[in-house]
Each structure stands twice: as C-alpha cells, then as structure tokens.
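Work through the exercises below with the structure in view. Try each task before you read its solution.

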Amino acid sequence: MRARTRQGLRSSTRQQGGRRRRTVSAAAAVAIGVMTLGALAPPAAPAAAAARPDVVQRSLNALVRDDGLPAALASVQDRDGRTRTYTAGLGDLATGAPVPVDGQVRIGSNTKTFVAVVVLQLVAERRVDLDASVDTYLPGLVRGEGIDGRHITVRQLLQQTSGLPNYSNYLGDDVRYYAPRELLATALQHPADFAPGTSWKYSNTNYVLAGLIVQKVTGRPLAEEIDRRVVRRTGLRHTYFPAPGDASIREPHPHGYYRESADAPLRDITEIDPSWGWAAGQMVSTGSDLNRFFSALLAGRLLPSAQLAEMRSTVPAEATFGPGARYGLGLVSRPLPCGGLSWGHGGSFPGYETRGGATDDGRATNVAVTMQLNDEADRRHLERAVDTALCR
C-alpha cells in the first residue's frame with residue numbers, strides 16, 4: 001500500500017484531482033452488465049426492452065467501464081421493502097470469478113453510525129450524557145497541545161466538532177494490530193485543529209474515543225455491544241466487527257484492490273488487519289444489511305424518538321461530503337436530485353468504497369466498488385449511482 005493509505009478511512013474525505021480514465025482487462029469488460037435479482041422480479045417486457053439494462057445496472061456498468069474499477073455491486077430497496085441486487089465487473093481478477101451477489105465488503109466509516117447508535121442508546125438509558133465532558137467517562141486520558149478532555153463533550157465527538165486531530169493522517173505503512181489507545185496516543189502527539197465546538201472537521205479520533213466510552217460505561221468490548229444492541233436486534237445476518245487478528249472476510253465477497261498510481265497494476269489487498277480503523281471503520285457488511293440497518297434506524301426501531309432527533313440534528317459538512325451535505329451524530333444527510341433527503345454515511349477502506357442512503361419513505365440503496373477511491377470525480381460518480389437508484 002502507498003504511504004498513509006489508511007487516510008482513506010475518512011469516509012468521503014476529498015482529495016482534489018482530475019478524472020483518470022483507466023483500462024480494464026478483456027475478461028472484466030465481458031463481465032460488465034451481469035445483474036442478479038433478489039426478491040423483486042423484473043416486470044415482463046418486450047424482448048428489445050428486456051435486453052436493455054435498467055438505469056441502476058447502467059450506472060454500475062459505467063463505474064467499471066469508465067472509471068476502471070474491478071467490480072461494483074448494489075442493493076436497492078423500494079418503498080415496499082422489496083430488494084433488487086446488481087453486480088458488474090469481476091469479483092476476482094486473478095481467476096475471473098464473478099462478483100458474489102450481495103457480497104460482503106469492508107464498510108469503513110459506516111461503522112461510525114453503528115457506534116453512534118450504541119452511544120445514543122446509552123444516552124436513552126441515562127448512562128451517558130451527550131453534553132457531559134469526555135473526562136466524565138475517561139478522566140485524564142485526553143490531553144495534548146490545545147486538547148483537554150474536560151472541555152470536549154460526547155456530542156462534539158459524535159458530530160465531529162471536537163477539534164481533535166485525525167490519527168489516521170499520521171499512520172505509516174506498518175500493517176499490524178493497533179490497540180485503540182495506541183490510535184488515540186498517535187492523535188494526541190499533534191495539536192488540536194480548533195477549539196471544541198468552534199468548527200467542524202472530520203476526524204476518526206472522535207470515534208475511537210466514542211468506542212472507548214462505550215467500553216468504559218458498559219464494561220464490555222465495543223464489538224459485543226454493537227452485536228448485541230444493533231446487529232442482532234436488527235436481524236443483520238451478514239454484518240460483524242472483525243475480531244483481533246482476523247484479516248479475512250468470512251462470507252462470499254469480491255476481492256478488494258489497490259493501485260499505487262494511475263499506471264500501476266492493481267494489487268489484491270483483500271486480506272488486511274483492520275484494527276487501525278476500530279470504532280471509526282473496522283466493520284464488514286453487505287449492501288442489503290446496510291439498507292436494513294439504515295431503514296430500521298430512520299423508522300425508530302433502534303432509538304427512542306428523542307435520541308433519533310438528536311442524531312438527525314445536523315451541521316454543514318459540505319467540505320467533506322459534498323454540496324448540501326450535513327453531519328448529525330454519526331449520520332449524514334444529502335439532498336437528492338429528485339427532492340428530499342437521503343440519510344446514511346458512506347465508508348472508505350483499502351480495497352473498498354461504499355456509498356448509500358435511506359429515505360423516510362422506506363427507500364434505501366447501497367453501492368460498493370472494489371477499490372478505494374482517491375479521485376474526486378470517481379467519488380462523485382459513485383454518489384451519482386446511489387442517487388440514480390434512490391430516484392428511479
């Protein structure tokens with residue numbers, strides 16, 4: 001991996017650059033256009049119309065064909081809860097294997113929403129106060145240049161307004177196990193970005209601290225709390241928080257790839273120790289599970305109304321998430337071109353990039369590609385694929 005490739009965990013943090021047009025293998029070109037259907041069967045249509053892929057399939061085909069991505073996969077849920085799944089490209093460039101239908105991927109910063117839900121459940125249980133200081137739960141732990149845990153609140157952690165520096169900007173190439181407090185210590189070697197509550201800036205360090213608070217308050221590992229409070233409660237059958245040392249992906253999955261430069265060959269980095277992401281981005285899931293999770297969240301099945309309202313109270317976040325985007329407590333709102341808002345998060349992890357959203361009327365979409373995106377135009381194309389599916 002290139003130096004500091006872990007910086008990509010910042011979900012959709014932008015790096016400016018022109019669009020790169022890449023080439024794909026002949027086998028990949030043949031694979032473009034493969035579509036698999038879930039519970040929703042396509043309506044009968046004349047042969048000529050049936051031969052033409054629908055708009056979602058065409059958008060995935062374009063991601064593989066025009067942006068040179070090895071594979072793309074999507075899960076689209078309609079207002080009635082019916083699901084259609086799509087794939088394009090190849091799941092394994094070495095063997096030519098197809099993309100697994102609704103395959104597992106590393107979901108990166110979508111993990112933050114799971115963590116925020118657990119924290120807000122603890123708020124509802126009166127075990128955590130959003131406006132209490134970090135020092136209330138982790139006394140003396142957060143100190144540094146311009147950094148004092150006595151003046152940073154739990155709310156500011158979840159909303160990315162703490163001013164804490166982003167530890168993933170300072171990790172090198174050493175791919176190994178990182179303990180959460182080691183990630184925090186890396187961040188605290190650097191000065192604050194701003195005084196708490198005075199600005200907004202995306203930082204993975206906020207969610208490492210949120211995860212540590214969950215562990216301190218509950219006395220249980222974060223992974224167990226997420227599984228007990230969110231994964232099992234929502235019926236997510238293909239979502240998990242990898243155990244220490246688990247570098248694999250458990251169920252059928254497309255391989256994830258990395259490219260050193262625009263002209264370099266793709267390198268398979270599917271198996272990687274994800275511990276450097278921890279509460280900020282370690283989880284694995286599928287598109288359909290993510291749709292189920294965000295739909296359950298918006299429908300009030302994971303949080304009482306008061307805490308869900310807090311989660312949906314947003315501040316501007318356009319610099320990171322694009323025009324009109326706003327950040328709540330681990331939840332991002334984006335305006336849809338067809339009107340209204342989608343709610344989700346998105347994630348980036350070496351080998352994978354995911355974008356998605358759910359609406360209050362029951363629509364949900366998640367799209368994943370099998371290469372981390374460092375190009376602004378490519379990210380926009382991925383987000384446009386999500387918008388296309390939600391507005392179809």
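**Exercise 1: the disulfide**

The link of Cys 338 and Cys 391 is left-handed, with -70° about the S-S bond. This is a predicted model: local features need pLDDT of at least 70, side-chain atom pairs count only at pLDDT 80 or more, and totals for chains, interfaces and linings use all residues. Residues are numbered from 1 along each chain as its sequence is written, and side-chain values use heavy atoms, leaving out hydrogens and water.

Task: Find which parts of the chain the disulfide of Cys 338 and Cys 391 ties together.

Solution.
- Step 1. Check the bond. A disulfide is a pair of cysteine sulfur atoms within 2.5 Å. Here Cys 338 and Cys 391 are joined, S to S 2.0 Å.
- Step 2. Place the ends. Cys 338 sits in the loop between β11 (332-335) and β12 (341-344), and Cys 391 in the segment after α14 (376-390), so the bond ties together parts 53 residues apart in sequence. Helices (H or I, at least four residues) and strands (E, at least two) are DSSP runs, numbered from the N terminus.
- Step 3. Look at accessibility. Buried means under 20% relative accessible area, exposed over 50%, partly exposed in between (1.4 Å probe, protein chains only). Cys 338 is partly exposed at 43%. Cys 391 is partly exposed at 26%.
- Step 4. Search the whole structure. The search finds one disulfide.

**Exercise 2: salt bridges**

Task: How far apart in sequence are the parts that Arg 155 and Glu 310 tie together?

Solution.
- Step 1. Apply the rule. A salt bridge is a side-chain nitrogen of Lys or Arg within 4 Å of a carboxyl oxygen of Asp or Glu. The side chains of Arg 155 and Glu 310 meet at 2.8 Å, N to O.
- Step 2. Place them. Arg 155 lies in helix α6 (residues 154-159) and Glu 310 in helix α12 (residues 305-311), so the parts tied together are 155 residues apart in sequence.
- Step 3. Add accessibility. Arg 155 is partly exposed at 22%. Glu 310 is partly exposed at 27%.

**Exercise 3: one helix, one pair**

Task: Is Glu 376 buried or exposed, and how many residues separate it from Arg 380 in helix α14?

Solution.
- Step 1. Find the bridge. The side chains of Arg 380 and Glu 376 form a salt bridge, 3.2 Å from N to O.
- Step 2. Count along α14. Arg 380 and Glu 376 are four residues apart, so about one helical turn separates them.
- Step 3. Read accessibility. Glu 376 is buried at 12%. Arg 380 is partly exposed at 25%.
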